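This report covers one protein chain, with attention to the annotated residues, several charged side chains and one pocket.

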Amino acid sequence: MRGPLIVSLDVANKEGLFKIIDQFPNDEGMTVKIGMELFYGEGPDIVRQLLAKGFKVFLDLKLQDIPNTVKMGMMQIGRLGVTYTTVHALGGSEMIAAAKEGLELGSEEAGVPSPKLLAVTELTSITDDALKNEQNCRLDMVDQVVSLAKLAKQSGADGVITSPLEVSSLKKQVGDDFLYVTPGIRPANFPKDDQSRTATPKQAAEYGSSALVVGRPIIRATDPVAAYHKLLEEWNYAN
């Protein structure tokens, strides 16, 4: 079995959230991702409710600020008992290290396992043109992602968020002892929406992804449970 297929619950409120997750059996053992929209609307209580229902939680807030501010924020996140959380790798080595320290302090205080710290490299919505002309980056996309992943690893992160298209290069240059969590996952023939760098679960498995993040193909499906299991089967049993 591979790592989790994480369901991204990008909804506005807890009513929309429970409309989706109440369709899943309580013993599903699913990992779900909570992002800015839901967390800013409902606060940390929504995380506690999901944990109480038996879900593992990926709290994806992509912190980026001065190191001390991020450390203090991560102490609060560390107390919650989530499994994964995120910073932007572009925040730099001191910020990433401070984030890791904050998570460990908060989780130790609360008596819960410390969350895995994932650093966002380049968002899957960023194109090569945007990288060059808006970020003024002299590197191509793969080299930029590899560079940020190396920085994140050296600074204490447990893995990175990256598109599946960069994973094979990352594993060669950064190593197998690091998590490569990949959003931008779509079934074959599903619209890309605002994602520029996408792959199917089978392709992501072939590239070497550690875990997948899937949102709209599941939560907007007529039958979210069936959509989840179809993608999960493709992910788990890809050659």
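The text below treats the annotated residues, then other polar side chains, then backbone angles and a pocket. The model is a predicted one.

**Annotated residues**

An unreviewed UniProt entry places the feature "active site" at Asp 60, Lys 62 and Asp 65. Two of these positions are described here.

Asp 60 belongs to strand β3, which spans residues 56-63. Its relative accessibility is 6%, so Asp 60 counts as buried, the cut-off for that class being under 20%. Leaving out residues up to four places away in sequence, Asp 60 touches Lys 33, Ile 34, Gly 35, Met 36 and Thr 86. With Lys 33 there is also a polar contact between side chains, at 3.1 Å from Asp 60.

Lys 62 is likewise in strand β3. Its relative accessible area is 23%, so Lys 62 is classed as partly exposed. The side chain of Lys 62 makes a polar contact of 2.7 Å with the side chain of Asp 60. Beyond four places in sequence, Lys 62 touches Met 36, Thr 86, Val 87, His 88, Val 120 and Leu 123. Met 36 and Thr 86 are thus among the residues touched by both Asp 60 and Lys 62.

**Ser 8 and strand β1**

Where does Ser 8 lie, and is it buried or exposed? Ser 8 is in strand β1 (residues 5-8), and with a relative accessible area of 3% it is buried. Its contacts outside the four-place window are Lys 33, Val 213, Val 214, Gly 215 and Ile 219. Lys 33 therefore appears in the contact lists of both Ser 8 and Asp 60, where contact means heavy atoms within 4.5 Å. The C-alpha atoms of Ser 8 and Ile 218 are 8.5 Å apart, although 210 residues separate them along the chain. The side chain of Ser 8 also has a polar contact of 2.8 Å with that of Asp 10.

**Other charged residues**

Lys 71 is part of helix α4 (residues 67-80). At 18% relative accessibility, Lys 71 is counted as buried. Apart from neighbours within four places in sequence, Lys 71 is in contact with Ala 98, Glu 101, Gly 102 and Leu 105. With Glu 101 there is a side-chain polar contact from Lys 71 at 3.3 Å.

Asp 158 sits in the loop between α7 and β6 (159-161). Asp 158 has 19% relative accessibility and is counted as buried. Its contacts, again without neighbours within four places, are Lys 100, Pro 115, Lys 116, Leu 117, Phe 178 and Leu 179. A polar atom of the Asp 158 side chain lies 2.8 Å from the backbone nitrogen of Leu 117.

Asp 140 is found in the loop between α6 (128-133) and α7 (141-154). Its relative accessible area is 46%, so Asp 140 is partly exposed. The Asp 140 side chain reaches the backbone nitrogen of Asp 143 at 2.9 Å. The C-alpha atoms of Asp 140 and Phe 24 are 41 Å apart, with the two positions 116 residues apart along the chain.

The polar contacts between side chains are listed together here.

| Side chain | Partner side chain | Distance |
|---|---|---|
| Asp 60 | Lys 33 | 3.1 Å |
| Lys 62 | Asp 60 | 2.7 Å |
| Lys 71 | Glu 101 | 3.3 Å |
| Ser 8 | Asp 10 | 2.8 Å |

**Backbone angles**

Most residues other than glycine have a negative phi. Lys 62 is not a glycine, yet its phi is positive, at about 50 degrees. Asn 136 also has a positive phi, near 55 degrees. Asn 136 lies in the loop between α6 and α7, and at 64% relative accessibility it counts as exposed.

**The second largest pocket**

How much space lies in the second largest pocket? The volume is about 230 Å³. This pocket is lined by 15 residues, and Gly 3, Pro 4, Leu 5, Gly 29 and Thr 31 lie nearest its centre. Helix α11 (residues 224-236) supplies the largest share of the lining, 3 residues. By class, the lining of the pocket is made up of 7 nonpolar, 5 polar and 3 charged residues.

Notes
Residues numbered from 1 in each chain as written. Predicted model: local features only at pLDDT ≥ 70, side-chain atom pairs only at ≥ 80, totals over all residues. Heavy atoms only, no water. 1 Å grid on protein atoms, 1.4 Å probe; cavity = no way out; pocket = protein on both sides within 12 Å on 5 of 7 lines; lining within 4 Å. Points joined across faces, edges and corners; volume = space filled by probe spheres on them. Helix = DSSP H or I, 4+ residues; strand = E, 2+ residues; numbered from the N terminus. Nonpolar A, V, L, I, M, F, W, Y, C, P; charged D, E, K, R; others polar. UniProt positions renumbered as here; feature names shortened; annotations may be inferred. Buried < 20%, exposed > 50% of the residue type's maximum accessible area, 1.4 Å probe, protein only. Polar contact = N/O pair within 3.5 Å; in protein donor to acceptor, adjacent residues only side chain to side chain.
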